Amino acid sequence: MRETLVIEPEMRRNLTTVLENRRNDMIFAG
Amino acid sequence: MSRKITRRKENEGGALKNEARFRTFFERSAEAMSLLDPQTLRYIETNEAVARLLGAPNREALRNASPTERFPERQPDGQLSIEKARALIKVALDQGSLRFEWLVRRFDGTELPLDIVATAVPFDGRTLLSLVYRDISTQKHAESEIRQLNASLEKRVAERTIELSRSEEKFRALFEGTSQAVFLYDENGILEANQSWLRLLGYSNLDDVVGKRPVELAAPIQPGGERAEVLAKKHLADALAHGSARFEWMAFRCDGTEVPMEVVLTRIQLGGRQLFQAFCNDITVRKRAEAELRQSEARLRESEERFRTAFRVSPLNMTILRLSDAKFVEANDAFVRWLGLDRDRILGHDSRELDIWLNLEDREKFLAELRRTGSLRDVECCLRSRRGTVHTLLQSADIIEINCEPHMLVVGLDITQRKQAEAELRKSEARLRESEERFSKAFRANPVQVSIMRVSDQKFIEVNDALVQWFGLDRNRILGRNSVELGMWVNLDDRAKFWADLERSNGSLREIEVQLRSQRGTIHTLLVSAESIEINHEPHLFIFALDITERKQAEAELLRTLAREKELGQLRSKFVAMVSHEFRTPLGIIQSSAEILEDYLEQLEPSERKDHLQSIRHNTRRMAAIMEEALFIGSFDAGKMEFKPAAVVLRKFLQELVDQVLSTTGGRCPIELSFSGTPVEIQADERLLRHIFTNLLTNAVKYSDAGRAVRFEIAPVGGEIVCAICDQGIGIPEADREWLFNAFHRGHNVDDRPGTGLGLVIVKRCVDLHGGKIRVESKVGEGTVVTVRLPI
């Protein structure tokens with residue numbers, strides 16, 4: 001039985017968004 | 001040489017010894033012997049016996065004497081002794097030996113007749129004569145007396161003959177005329193027989209019997225068992241000794257028949273001859289009478305003996321009582337033993353005195369009845385022995401006459417034991433009946449099918465209700481037929497195996513599972529046990545059969561339940577897997593979109609905010625759809641789904657549905673919908689149709705590469721609408737086709753295509769509810785065709 005988490009496009013987009021914002025935060029903070 | 005001398009000496013010694021021996025024998029012999037020189041007519045040697053015979057003073061007086069000195073002048077035949085002697089000596093020498101009589105004069109002057117044996121003896125070149133003398137004076141004397149007697153007898157016979165010849169005529173007349181059978185005979189046979197005798201023996205002519213010996217005319221073996229020859233001699237001797245003899249004689253007639261006669265045999269001296277006169281009396285009648293008497297006596301004796309023995313040793317009680325006073329006059333051992341009282345104390349008493357009858361009225365009745373009818377048979381009487389034991393006897397009685405006085409002969413059979421045995425038998429019979437009844441009840445009412453089968457022809461001879469009911473045929477139509485005729489066996493090989501097993505197991509089988517068919521055609525599994533039994537000396541089979549069909553079904557049910565349980569377990573784990581996948585992904589998207597909106601709302605462009613919000617809504621809907629599917633399945637399981645047909649305008653409905661799918665799949669694959677001769681309106685459940693085709697079309701699109709057309713063809717065939725959905729997708733692997741309609745099951749080649757594994761389950765349930773059929777044909781890598789047939 002498969003139990004892999006499939007990274008669907010929506011999820012990938014969200015993750016990308018989150019990562020980009022985190023990087024921006026760090027840039028702004030740093 | 002020296003040996004020769006020795007031999008000769010030895011021979012001489014032997015001769016000397018022989019000579020001595022011979023001399024002793026010669027001299028001592030009681031026989032008078034002498035050795036004579038025939039030339040000189042002088043004795044060479046004489047022994048003592050010769051001297052004694054001749055009355056010589058001693059032996060020396062005879063030595064060298066001449067026997068001629070002792071010769072009378074002439075011998076009895078008148079010849080001169082000396083001449084006769086010379087002649088005899090010559091003959092003796094010529095012949096070698098000679099025996100002759102000779103008269104000598106003894107020394108005392110008396111004459112002595114001698115019997116002389118003269119033997120020629122060669123001796124020393126000469127021939128001598130050995131003479132052996134025997135004194136025959138006594139014999140000679142007797143002979144001379146006989147001669148004198150004969151002469152006198154002859155004289156007397158001659159006188160008598162004259163006398164007799166005178167009375168001959170008289171005698172003959174008497175002889176012939178007498179009514180008694182008479183014959184005369186001597187050692188040469190029958191001389192005379194009178195007419196009566198000839199008549200008696202059936203002869204017509206005297207010449208037929210003259211010269212025959214009486215024994216020839218008699219039974220060779222006489223009635224006493226002795227031979228006629230022997231017996232005749234005995235009677236003759238008797239007659240000779242006593243003058244006459246009287247005896248019985250079995251003679252033969254001339255025709256060979258026997259005639260018993262009494263004979264008086266008288267000896268008659270006639271003319272110097274010994275004759276016998278026999279008077280014969282025919283005693284046929286007397287003999288017959290005697291034989292009859294003897295027979296009747298023997299019969300009587302035998303009968304008496306038989307009766308006495310029977311009476312004495314009979315195991316039955318036997319008594320004889322005088323009729324007048326009913327007193328015992330005789331009782332046999334059995335009765336004495338039975339009563340337990342000495343015979344002496346029984347005889348002379350009656351049964352009342354001996355207190356034999358238990359009930360005196362019975363006794364009076366018995367006696368009165370016997371006196372009235374003279375005979376009683378098997379009357380049951382209760383009698384008491386002296387020991388006080390009471391017995392039942394079967395008594396029979398007859399009146400018999402003994403010494404001209406009427407008596408009762410009573411015979412009693414003690415049937416006490418028989419009575420007890422009968423009672424015992426009755427009891428045992430009752431027990432047997434009871435047991436039989438019990439058995440037959442058990443047999444009949446047994447819920448197990450029981451039957452009895454004859455081994456020889458394997459026919460049922462008894463079956464119980466359970467078997468009758470199970471088989472569904474009248475008992476009468478089962479009995480007398482075998483299981484093959486009744487078509488019981490589903491498989492005849494099973495039957496052959498059953499009988500083979502039975503034989504192998506010595507006629508006892510336990511719980512063999514067989515498949516049998518009832519008369520109704522239903523097939524049952526029966527657990528059969530069989531046991532050999534013997535009924536009326538014939539082998540039978542006792543068969544028990546227990547119908548375990550239901551048990552078998554229960555077992556199957558149980559197995560099915562177990563399988564379902566196992567399936568449910570799998571279902572649960574599949575559900576968990578599905579949930580982890582299908583729920584986690586949209587939840588992750590919703591969660592991340594929500595977090596982005598929350599954290600970066602200010603930074604986001606309005607269009608981006610909108611995207612996130614739509615994403616949340618879309619994935620929520622996605623999860624809701626999964627939930628919807630699960631719940632939908634649940635409503636099927638709960639039996640809440642119903643087929644509610646209504647008029648559906650098929651074209652319009654399907655067109656809208658295709659549009660909808662195209663919309664939800666974002667137009668990933670084109671769907672080519674085609675109708676051929678489809679009716680405008682059909683009766684169907686729109687909700688079910690929606691589920692069916694939405695799912696099938698979505699699947700077709702989902703598992704096809706983008707842009708590959710999906711064909712959706714609808715055509716009426718017979719009374720059905722056939723809808724085929726053909727894609728050019730990944731196909732369904734062979735191994736997964738079996739599980740196609742199982743919940744949560746997905747093909748192994750689905751990769752990351754989302755899905756719950758519930759779609760086809762829903763489709764199948766809906767098609768079933770609609771009364772239709774679904775068929776899936778697929779080839780991995782080429783595509784899948786799903787055909788749904790719905791009745792209209």
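A salt bridge here is a side-chain nitrogen of Lys or Arg within 4 Å of a carboxyl oxygen of Asp or Glu. By that yardstick, the count between chain B and chain A is zero. Keep in mind that this is a predicted model. Across the whole structure, though, a search turns up 40 salt bridges over all chains, while the number of disulfides is zero.

**Chain A and where it meets chain B**

- Chain A has 30 residues, and buried residues make up 27% of them.
- As for secondary structure, chain A has one helix and zero strands.
- Chain A exposes about 2500 Å², with carbon and sulfur atoms supplying 62% of that area.
- How many residues of chain B are in contact with chain A? On the chain B side there are 25, and they touch 16 residues of chain A.
- Together the two chains bury about 1700 Å² between them, and 53% of that is on carbon and sulfur atoms.
- To repeat the point from the top, no salt bridge is counted between chain B and chain A.

**Salt bridges with partners apart in sequence**

- Side chains of opposite charge can pair when their charged atoms come close.
- B:Asp398 and B:Arg377 form one such bridge, with the closest N and O atoms 3.1 Å apart. B:Asp398 sits in strand 14 of chain B and B:Arg377 in strand 13 (residues 375-384), so this pair ties together parts that are 21 residues apart in sequence.
- The two ends of that bridge can be read off by accessibility: B:Asp398 is partly exposed at 24% relative accessible area, whereas B:Arg377 is exposed at 51%.
- B:Glu513 and B:Lys552 also meet through their side chains in a salt bridge, at 3.2 Å from N to O. Because B:Glu513 lies in strand 18 (residues 508-517) of chain B and B:Lys552 in helix 15 of chain B, the pair ties together parts that are 39 residues apart in sequence.
- B:Glu513 is partly exposed, with a relative accessible area of 45%, and B:Lys552 also counts as partly exposed, at 29%.
- B:Arg789 pairs up with B:Glu720, the closest N and O atoms being 3.1 Å apart. This pair links distant parts of the chain, with B:Arg789 in strand 27 of chain B and B:Glu720 in strand 25 (residues 720-726), 69 residues apart.
- B:Glu720 is partly exposed at 24% relative accessible area, and B:Arg789 is partly exposed at 34%.

**A salt-bridge network**

- Which residues are linked in a network of salt bridges? They are B:Glu248, B:Arg286, B:Lys287 and B:Glu290.

**Around B:Arg789**

- Strand 27, home to B:Arg789, runs over residues 783-791 of chain B.
- Leaving aside neighbours within four places in sequence, B:Arg789 is in contact with B:Glu720, B:Ile721, B:Val722, B:Gly772 and B:Lys773. B:Glu720 in that list is the salt-bridge partner of B:Arg789.
- B:Arg789 and B:Arg775 are 14 residues apart in sequence, and their C-alpha atoms are 8.6 Å apart in space.

**Around B:Gln395**

- B:Gln395 is found in strand 14 (residues 390-402) of chain B. That strand also holds B:Asp398 from the first bridge above.
- Buried or exposed, which is B:Gln395? With a relative accessible area of 8%, B:Gln395 is buried.
- Not counting residues up to four places away in sequence, B:Gln395 touches a set of residues including B:Trp357, B:Phe366, B:Val379, B:Leu383 and B:Val410. Also among them are B:Arg377 and B:Cys381.

**Cysteines**

- A disulfide is a covalent bond between the sulfur atoms of two cysteines.
- The structure holds zero of them over all chains. B:Cys381 is in no disulfide, and the nearest cysteine sulfur, that of B:Cys382, is 7.9 Å away. The cut-off for a disulfide is 2.5 Å between the sulfur atoms.
- B:Cys381 is buried, with a relative accessible area of 2%. B:Cys280 is buried too, at 3%.

**A nonpolar surface patch**

- B:Leu558, B:Leu559 and B:Leu562 make a nonpolar surface patch of about 320 Å².
- One of these, B:Leu559, is found in helix 15 (residues 549-600) of chain B. Helix 15 is also where B:Lys552 lies.
- B:Leu559 counts as exposed, with 57% relative accessibility.

Terms used: Residues numbered from 1 in each chain as written. Chains lettered and ligands numbered in written order. Predicted model: local features only at pLDDT ≥ 70, side-chain atom pairs only at ≥ 80, totals over all residues. Heavy atoms only, no water. Buried < 20%, exposed > 50% of the residue type's maximum accessible area, 1.4 Å probe, protein only. Helix = DSSP H or I, 4+ residues; strand = E, 2+ residues; numbered from the N terminus. Areas by Shrake-Rupley, 256 points an atom, 1.4 Å probe, with all protein chains shown as cover. Patch = residues over 30% accessible without salt bridge, like charges linked within 9 Å, V, L, I, M, F, W, Y side chains within 5 Å. Contact = heavy atoms within 4.5 Å. Buried area = accessible area lost by both parts, 1.4 Å probe.
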